[in-house]
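Trainee: I am new to this structure and would rather understand one region properly than skim the whole. Please give me a close look at a single loop and the strand that follows, and then show me how that part fits with its surroundings.

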Amino acid sequence: NSCGIIRNDNLKTVIVTSGDSIYDDAFSGCSGLTSVSIGNSVTSFGYEAFKGCSRLTSITFNGTIEQWKAIEKDFWNSGTGDYTVFCTDGNLSKSES
């Protein structure tokens, strides 16, 4: 199960409730995107999945910091905003994620 590619400058919030991966370029260029909520079933982010999401400030992850760090991430956050990752046991800044 994967999340497909979405191109929409008006998209503000994304909630991923199931699936194990987010495709390459899935939300690339969604400059209006400010928040993302991700279930702990996700184990990988594709190449440039959130590239250019310049207003992204909040990522809520329904799992622990350890689980977040275990997600395979392939150059996924180029050009994103200065987001915070909110995990069940604490928060991470963009530079820590």
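**A loop and the strand after it**

Mentor: Let us begin with F75, which has a relative accessible area of 48% and is therefore partly exposed, where buried means under 20% relative accessible area, exposed means over 50%, and partly exposed lies in between, all with a 1.4 Å probe and protein chains only. Before going on, please keep in mind that this is a predicted model, in which local features need pLDDT of at least 70, side-chain atom pairs count only at pLDDT 80 or more, and totals for chains, interfaces and linings use all residues. Residues are numbered from 1 along each chain as its sequence is written, and side-chain values use heavy atoms, with hydrogens and water left out.

F75 sits in the loop that connects β7 (72-73) to β8; the strand names come from DSSP runs numbered from the N terminus, with strands (E) of at least two residues and helices (H or I) of at least four. The backbone of F75 has a phi near 45°, a positive value in a residue that is not glycine. Most residues other than glycine have a negative phi. D25 shows a positive phi too, of about 60°, and is likewise not a glycine. D25 belongs to the loop between β3 (21-22) and β4, and its relative accessible area of 25% makes it partly exposed.

One residue touches both of these positions, namely E48: setting aside neighbours within four places in sequence, its contacts are D25, S28, D74, F75 and W76, a contact being heavy atoms within 4.5 Å. E48 lies in the loop between β5 (44-45) and β6, and with a relative accessibility of 11% it counts as buried. The side chain of E48 also meets that of K51 in a salt bridge, at 3.8 Å from N to O; the term requires a side-chain nitrogen of Lys or Arg within 4 Å of a carboxyl oxygen of Asp or Glu. K51, on its side of the pair, is partly exposed at 33%, and a search of the whole structure finds one salt bridge.

Moving past the loop of F75, we come to β8, where the side chains alternate: T84 and F86 point to one face and are not buried, while V85 and C87 point to the other and are buried. β8 runs parallel to β6 and is joined to it by three bridges, pairing being assigned if DSSP finds at least two bridges between strands. Within this pair, V85 of β8 has I59 opposite it. β8 also pairs with strand β9 (residues 90-93), here in the antiparallel sense and over four bridges, and T84 has S93 in β9 as its bridge partner. Two residues separate β8 from β9, and together these strands form a hairpin.

These pairs belong to an open sheet of five strands, whose order is β2-β4-β6-β8-β9 and whose pairing is mixed. β2 and β9 are the edge strands, each pairing on one side only. From one strand to the next the twist averages 15°, with axes taken as lines fitted to C-alpha atoms (for helices, over the stretch in contact) and angles running from 0 to 180 degrees between N-to-C directions. Towards the β2 edge, β2 and β4 are parallel and share four bridges, with V14 standing opposite V36 in β4. T13, which lies in β2, makes a polar contact between its side chain and that of S35 at 3.3 Å; such a contact is a pair of N or O atoms within 3.5 Å, where within protein one must be able to donate a hydrogen and the other to accept it, and residues adjacent in sequence count only if both atoms are side-chain atoms.

Finally, β8 has a part in the interior of the model. The largest nonpolar core has 25 residues, among which I22, F27, L33, F45, F50, I59 and W68 touch the most other members; a core of this kind is a set of buried Ala, Val, Leu, Ile, Met, Phe, Trp, Tyr and Cys residues joined through side-chain atoms within 4.5 Å. Two or more residues come from each of β2 (13-16), β4 (35-39), β6 (58-62) and β8 (84-87). I59, then, is both among those that touch the most other core members and the residue opposite V85.
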